[in-house]
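Here is a note for a colleague who is meeting this structure for the first time. Please keep the sequence and the model at hand while reading the points below.

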Amino acid sequence: MKNKSLLPDDLHNYWTEVANTYQWKKKWDQLQTGDFEQVNIEWFQGAKLNITENCLDRHLEKRRNKKAVIFEPNNPQEATSFLTYGELHVSVCRFANLLIKQGLKKGDVVCFYMGMTPELLIGLLACARLGIVHTVVFGGFSSQSLHGRLLDSKAKMVVTHDGSFRGDKIVGLKSMVDEALENFQQIGELAVEKVLVVKRTQSEIQMKPGRDYFYETLIKDCDIYCPATSVEAEDPLFILYTSGSTGKPKGLLHTTAGYMVHVGNSFKEVFQIKENDIFWCTADIGWITGHSYITYGPLLNGTTTVIFEGIPTYPSPARFWEVIEKHHITHLYTAPTAIRSLEKFGNDIPEKFNMSSLKVLGSVGEPINEEAWHWYHKYVGKQRCPIVDTWWQTETGGIMISAKAGITKLKPAHASLPLEGVLPILVDEKGNEIHETVAEGNLCIKWPWPSMARSIFGDHERFKQTYFQTYKGLYFTGDGARRDHDSFFRITGRVDDVINVSGHRIGTAEVEDAINEHPNITESAVVGFSHDIKGQGIYAFVTPMKSSADHEILKKEIRDIVQKIIGPIAKPDQIQIVKALPKTRSGKIMRRILRKIVENDLANIGDTSTLLNPECVEQIIKTKNN
Ligand code: WT7
């Protein structure tokens, strides 16, 4: 028997109307089934489709010669390249034919570990064309992290670059893949059979016969058309790993139809896109932002999207403004951390450029502080461009709370109102919904929405536990928020053990586990602290076994081990070596106290007398880094 939908009528009607604007091979029998108690959510049951027909084929009649992708290389001296919708369609078809020839089929998983070039976007769409599941691993993660993700996702193929340009550095991606495939075999059996290498830096690399192939060689023989496989609404589209408050990174599983409907619609609604707009999202495709608003969102709407290979400060901190001028960018979507880091170089830098093409500015990834908001508004948007502060998560797939550009009233540092079809609420500690308009509480979502993650790949139980256990019948976001008299939401930040470093989520437990791998470390506790540029930084308290160890050497070794196990993004900014960590009598580390210490909020440390070792608190305060 089919599950009944409990979705209220207005949500039901809204999503039906939105879904009807897409191209389906077969429409759904039921719009939505399942609920947050069972955690068995489905959308568009019975429907068949292919998301790439909606991203590409559908546009060919009117937009064949319109630019789909603008590629801005790391080095501004290198020529920019373009792909029209017609060309992108051909490229995707050829890549899909390559995958078929290599023996991949619907339901297989392909992992992408690449720099930001058009082949990455093309590769994702090629997978989607065939019902192959993609999983992108950000190129800043270590070979050990890559190994873990390959193991968990059971990927059969890895697509990589020989190397990737990042500012004045080259990241040796292929050699990291080699390490991931060869150095950790003891941890588990990988399913990877093939490695496809796209040439980019012409770096010298090892190619293993029978396993490694050059993309350039194989693609030559691939036909320019490939029919789009018909997939079910709930067939998986991709897996994307993200950190949580406990355990290993989780592979969030997103499925096809719901993701398409919500992501395409939120892009249109939030950014108020017009036909000739040029949309630039500065994120990396390795994060959800790059999936939803570089790749799928713009293409579903027939918009021109920019792929930027570089970093904001190379070759100079004027790079963003140069790119805006050069490509007549109308929409800039970036992170508060990037805004703060560029602001630091002075107001006169953006003023040297003609940025009159800009119409809308976006912010994502972390709460934007008022100061950065005003700078962004004044010096980038010249007081003319609305800022949309978009709140969402890897788990939500698409934007959930945001102003609509030019429609919603602007209020600095407020994500503002939920999108239509989305119902966020605030709950108190006990999980009771707070009905007063003006309130503060934990942010939950009350009803299923189409682009929500359906599971954690391979561990549905953990999915239930993580998001649906804290408050029964609700999806818990892990964020706290305030709501004002206009019903505008202001996100205050994570309320769990997750640190948001430069808009990237780092689980404290994961960093602690990495630090504890050091032979001279007994235990560690990691907390976040306010950081001018990054939003939050990572502060690690560690207890060495041998207190005689040279502290500077030990700190360097700790940074190195975190870089090796997780990647450079998780390296602690501050390390404090302590004799003991504050613990409860049952042995639990009191991170709350450590957080108060790093924030210099000593007045609110609270009663420490019930601790197992109250004396260590004083000690930690005395020896605290500056
Ligand atoms: C966490 C999700 C959404 C894509 C990028 C990050 C924080 C995200 C905002 C915002 C305040 C924000 C939240 C959220 N966050 N956007 N506009 N205002 N906080 O995706 O890595 O899944 O992280 O980022 O804390 O839970 P993510």
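1. The side chains of Lys26 and Asp29 come together in a salt bridge, with 3.4 Å between N and O. Lys26 has a relative accessibility of 34% and therefore counts as partly exposed. Please bear in mind, here and in every later point, that this is a predicted model.

2. A search of the whole structure finds 38 salt bridges, and another of them pairs Asp178 with Lys174, whose closest N and O atoms are 2.6 Å apart. Both residues belong to helix H7, which covers residues 173-182, and they are four residues apart there, about one turn of the helix. Asp178 and Lys174 are both buried.

3. Which residues lie 75 residues apart in sequence and are nevertheless tied together as a pair? The pair is Lys411 and Asp486, whose side chains meet in a salt bridge of 2.7 Å from N to O. Lys411 sits in the loop between E20 and strand E21 (424-427), while Asp486 sits in the loop between strand E24 (475-483) and E25, so their contact links parts that are distant by that count of residues. Lys411 counts as buried because its relative accessibility is 18%, below the 20% limit for that class, whereas Asp486, at 26%, counts as partly exposed. Elsewhere, salt bridges that share partners join Lys174, Asp178, Glu182, Arg211 and Asp212 into one network.

4. The ligand is surrounded by 18 residues, of which the closest are Asp389, Thr390, Thr394, Asp479 and Arg505. By character, the residues of this shell divide into six nonpolar, seven polar and five charged. Among the polar approaches, a ligand nitrogen lies 2.7 Å from an N or O atom in the side chain of Asp389, and a nitrogen of the ligand is also 3.4 Å from a polar backbone atom of Pro367. An oxygen atom of the ligand, in turn, is 2.9 Å from an N or O atom in the side chain of Gln393. Taken alone the ligand exposes 550 Å², and the protein buries 96% of that area. The elements that give two or more residues to the shell are helix H10 (288-300), strand E20 (387-390) and strand E25 (489-494).

5. Turning to the chain as a whole, there are 19 helices and 30 strands, and the C-alpha trace spans about 75 × 60 × 60 Å along its principal axes. A compact globule of 626 residues would have a radius of gyration near 25 Å, and the 24 Å of this chain agrees with that expectation. Buried residues make up 60% of the 626 residues.

6. Some backbone details deserve a look in the viewer. Tyr314 and Pro315 are joined by a cis peptide bond with omega about -5°, and Pro315 lies in the loop between strand E17 (304-308) and helix H11 (319-327). Ala413 is not a glycine, yet its phi is positive, at about 70°; this residue is placed in the loop between E20 and E21, and its relative accessibility of 5% makes it count as buried. Ser502, also a residue other than glycine, has a positive phi near 50°. Ser502 is found in the loop between strand E26 (498-501) and strand E27 (504-507) and, with 21% relative accessibility, counts as partly exposed.

Conventions: Residues numbered from 1 in each chain as written. Predicted model: local features only at pLDDT ≥ 70, side-chain atom pairs only at ≥ 80, totals over all residues. Heavy atoms only, no water. Near = heavy atom within 4 Å. Polar contact = N/O pair within 3.5 Å; in protein donor to acceptor, adjacent residues only side chain to side chain. Areas by Shrake-Rupley, 256 points an atom, 1.4 Å probe, with all protein chains shown as cover. Nonpolar A, V, L, I, M, F, W, Y, C, P; charged D, E, K, R; others polar. Salt bridge = Lys/Arg side-chain N within 4 Å of Asp/Glu carboxyl O. Buried < 20%, exposed > 50% of the residue type's maximum accessible area, 1.4 Å probe, protein only. Rg over C-alpha atoms; globule rule 2.2 N^0.38 Å.
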